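These notes are meant for a colleague who is opening this structure for the first time. Please read them with the sequence and the 3D view side by side.

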Amino acid sequence: MIKIYHNINCSKSCNVLELLKQQSAEFEIQEYLNDVPTKGQLVELLRQLGLTPQELIRRGEPVFQEKFQNLKLTDEQWIDVLLAYPILIERPIVVRDGVAVIGRPIEKVVELIGGKS
């Protein structure tokens, strides 16, 4: 089973969702802005991505620039920030068989699911 952490307002996320549909892949959608991952899910996603919390942050978001840009926080504190402000989570994230990728460029998802672009 494939899972996509999806933002309906993001064109890149919508493109990845369309790819999954075109590939006739069986998948589950989690609209993470409305259905925020649990702390355990986020920690597991970070492990699957091989990233630190800071590497998952969308630094161009206004909320990051206004509230967090100049802060030095621990990984645990950044995880709490991502959970409180899920708009800061890079997107889309696609998970298959315990491996996750950020779907930019889309070829990363194609490779993960073994499909064709």
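1. A useful place to begin is the pairing of strand E1, residues 2-6, with strand E2, residues 27-31, which run in the parallel sense and are joined over 5 bridges. Within this pairing, Ile2 of the chain stands opposite Phe27 in E2. Between E1 and E2 the chain passes through helix H1, residues 11-22, and the resulting β-α-β crossover is right-handed. Please keep in mind throughout that this is a predicted model.

2. The aromatic side chains deserve a separate look, and the count here comes to 3 aromatic pairs. In one of them, the ring centres of Phe68 and Trp78 are 6.2 Å apart and the planes stand at 65°, so this pair is edge-to-face. The two partners come from distant parts of the chain, since Phe68 sits in the loop between helix H3 (62-67) and helix H4 (75-84), whereas Trp78 belongs to helix H4, 10 residues apart. Both Phe68 and Trp78 are buried.

3. Phe68 also pairs with Tyr85, and here the ring centres are 5.4 Å apart with the planes at 65°, so this pair too is edge-to-face. Because Phe68 lies in the loop between H3 and H4, while Tyr85 lies in the loop between H4 and strand E3 (93-96), the pair ties together parts that are 17 residues apart in sequence.

4. Is each partner of this second pair buried, partly exposed or exposed, and what is the relative accessible area of Phe68 and of Tyr85? Phe68 has a relative accessible area of 9%, and because the limit for buried is under 20%, Phe68 counts as buried. Tyr85, with a relative accessible area of 27%, is partly exposed. Taken as a group, Phe64, Phe68, Trp78 and Tyr85 form one aromatic cluster.

5. A last residue to inspect is Ala100, which is found in strand E4, residues 99-102. Its relative accessibility is 6%, so Ala100 counts as buried. Which residues is Ala100 in contact with, once its neighbours within four places in sequence are left aside? They are Leu45, Gln48 and Leu49, together with Ile93, Val94 and Val95. For orientation along the chain, Ala100 and Ser13 are 87 residues apart in sequence, and their C-alpha atoms are 14 Å apart in space.

Technical notes:
Residues are numbered from 1 along each chain as its sequence is written. This is a predicted model: local features need pLDDT of at least 70, side-chain atom pairs count only at pLDDT 80 or more; totals for chains, interfaces and linings use all residues. Side-chain values use heavy atoms; hydrogens and water are left out. Helices (H or I, at least four residues) and strands (E, at least two) are DSSP runs, numbered from the N terminus. Buried means under 20% relative accessible area, exposed over 50%, partly exposed in between (1.4 Å probe, protein chains only). Contact means heavy atoms within 4.5 Å. Two strands pair if DSSP finds at least two bridges between them. A crossover is right-handed if, with the strands pointing away from the viewer, the path from the first strand over the helix to the second runs clockwise. Rings of Phe, Tyr and Trp (its six-membered ring) pair if their centres lie within 6.5 Å; planes under 30 degrees apart count as stacked, over 60 as edge-to-face and the rest as tilted.
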